[in-house]
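Subject: A structure for you to look at

Hello,

Here is the structure I promised to pass on. Please open it alongside this email, and then read on for what turned up in it.

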Amino acid sequence: MDYSHKGLARWQSSQEGNALKQILAWLKAQGLRPRFGHADPQTTLLPQLSVLDNLLLALEEGEVAGLEGEKTAVLHAHLEAQGLSGLMAWIPDWSRRARDLGPGEQCLAAICHALLRSTPLTVIELGHSALEALLTAQLKQVLQAKAKERHVLLVLSSPRGWEEVEVLSTHRERVARVS
């Protein structure tokens, strides 16, 4: 992965197991140790916190004090500036705890959490995501826009619907395919 350019890619590995560990090992082998954002619906969000509080944590500006209305205004401003407000419109009640969200809402909140972080690399694990087709199209637009300013690496259980996104494979896997 060359950090002189930005882009959107799919991680493809022939190995089973934790994709994030594989990505980190691959980056380490390349001599890279970048800060990164990570979106995984199962682990990114703190289940006992509201969606609002989870996303405010991603801003990395320290504690945002104030009433819930003030916190919501701060978050709205950041979401708007980052081009994420359209995605978060799919979650109407930000006061709900993360554990009370549906699978698609958890996935979406985790993605927005990772994209709010100012990092050169964002790893998004969609897995067996329950995203609606319309939302997937909107998500693709957002990710393509974000890929102009950072690397966005998708980990998918199935490439269906994401076939046009370039596959990033490791040197070892390219050699194995040729052999």
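**What was found**

Let me start with Arg96, which is partly exposed, with a relative accessible area of 23%. Its partner is Glu105: the two form a salt bridge in which the closest N and O atoms are 2.9 Å apart. Before going further, please keep in mind that this is a predicted model.

**The other salt bridges**

The structure holds 5 salt bridges in total. As general background, side chains of opposite charge can pair when their charged atoms come close.

Another of these pairs is Asp53 with Lys71, whose closest N and O atoms are 3.7 Å apart. Asp53 belongs to helix H2 and Lys71 to helix H3, so this pair ties together parts that lie 18 residues apart in sequence. Asp53 itself is partly exposed, at a relative accessible area of 27%.

Further along the chain, Arg150 and Glu149 meet through their side chains in a salt bridge, at 3.9 Å from N to O. Is each of these two buried or partly exposed? Arg150 has 3% relative accessibility and so counts as buried, the cut-off being under 20%. Glu149, on the other hand, is partly exposed, with a relative accessible area of 45%. Lys146 joins in here as well: Lys146, Glu149 and Arg150 are linked in a network of salt bridges.

**Helix H2 and its surroundings**

Helix H2, already mentioned for Asp53, deserves a visit of its own. Of the 8 residues of H2, 6 are buried, so the helix is largely enclosed by the rest of the structure. Which residues of H2 are buried? They are Val51, Leu52, Asn54, Leu55, Leu56 and Ala58. The cover over these buried residues includes helix H3 (68–82), helix H4 (85–88) and H5.

Leu57 also lies in helix H2. Leaving aside residues up to four places away in sequence, Leu57 touches Leu46 and Leu49. The C-alpha atom of Leu57 is separated by 8.2 Å from that of His113, although the two residues are 56 apart along the chain. After H2 comes Glu60, which has a positive phi, near 60°.

**How H2 meets H5**

Two packed helices are described by the angle between their axes and the distance between the axes. For helix H2 (residues 51–58) and helix H5 (residues 103–116), the axes come within 8 Å and cross at roughly 25°. Angles under 35 degrees count as roughly parallel, and H2 and H5 are therefore roughly parallel to each other. The crossing of H2 past H5 is right-handed.

Which residues make this contact? On the H2 side they are Val51, Asn54, Leu55 and Ala58, and on the H5 side Ala109, Cys112, His113 and Leu116. Sorted by type, the residues of this contact are 6 nonpolar, 2 polar and no charged.

**A stop in the loop**

One last place to look is the loop between H4 and H5, where Asp100 is found. Asp100 is partly exposed, with a relative accessible area of 47%. The C-alpha atoms of Asp100 and Pro47 are 8.1 Å apart, with their positions 53 residues apart along the chain.

Enjoy exploring it, and best wishes!

Conventions
Residues are numbered from 1 along each chain as its sequence is written. This is a predicted model: local features need pLDDT of at least 70, side-chain atom pairs count only at pLDDT 80 or more; totals for chains, interfaces and linings use all residues. Side-chain values use heavy atoms; hydrogens and water are left out. Axes are lines fitted to C-alpha atoms, for helices over the stretch in contact, and angles run from 0 to 180 degrees between N-to-C directions. Helices (H or I, at least four residues) and strands (E, at least two) are DSSP runs, numbered from the N terminus. Angles under 35 degrees count as roughly parallel, over 145 as roughly antiparallel, 65 to 115 as roughly perpendicular and the rest as oblique. A crossing is left-handed if the near helix is turned anticlockwise from the far one by less than a right angle, and right-handed if clockwise. Contact means heavy atoms within 4.5 Å. Ala, Val, Leu, Ile, Met, Phe, Trp, Tyr, Cys and Pro count as nonpolar, Asp, Glu, Lys and Arg as charged, and the others, Gly among them, as polar. Buried means under 20% relative accessible area, exposed over 50%, partly exposed in between (1.4 Å probe, protein chains only). A salt bridge is a side-chain nitrogen of Lys or Arg within 4 Å of a carboxyl oxygen of Asp or Glu.
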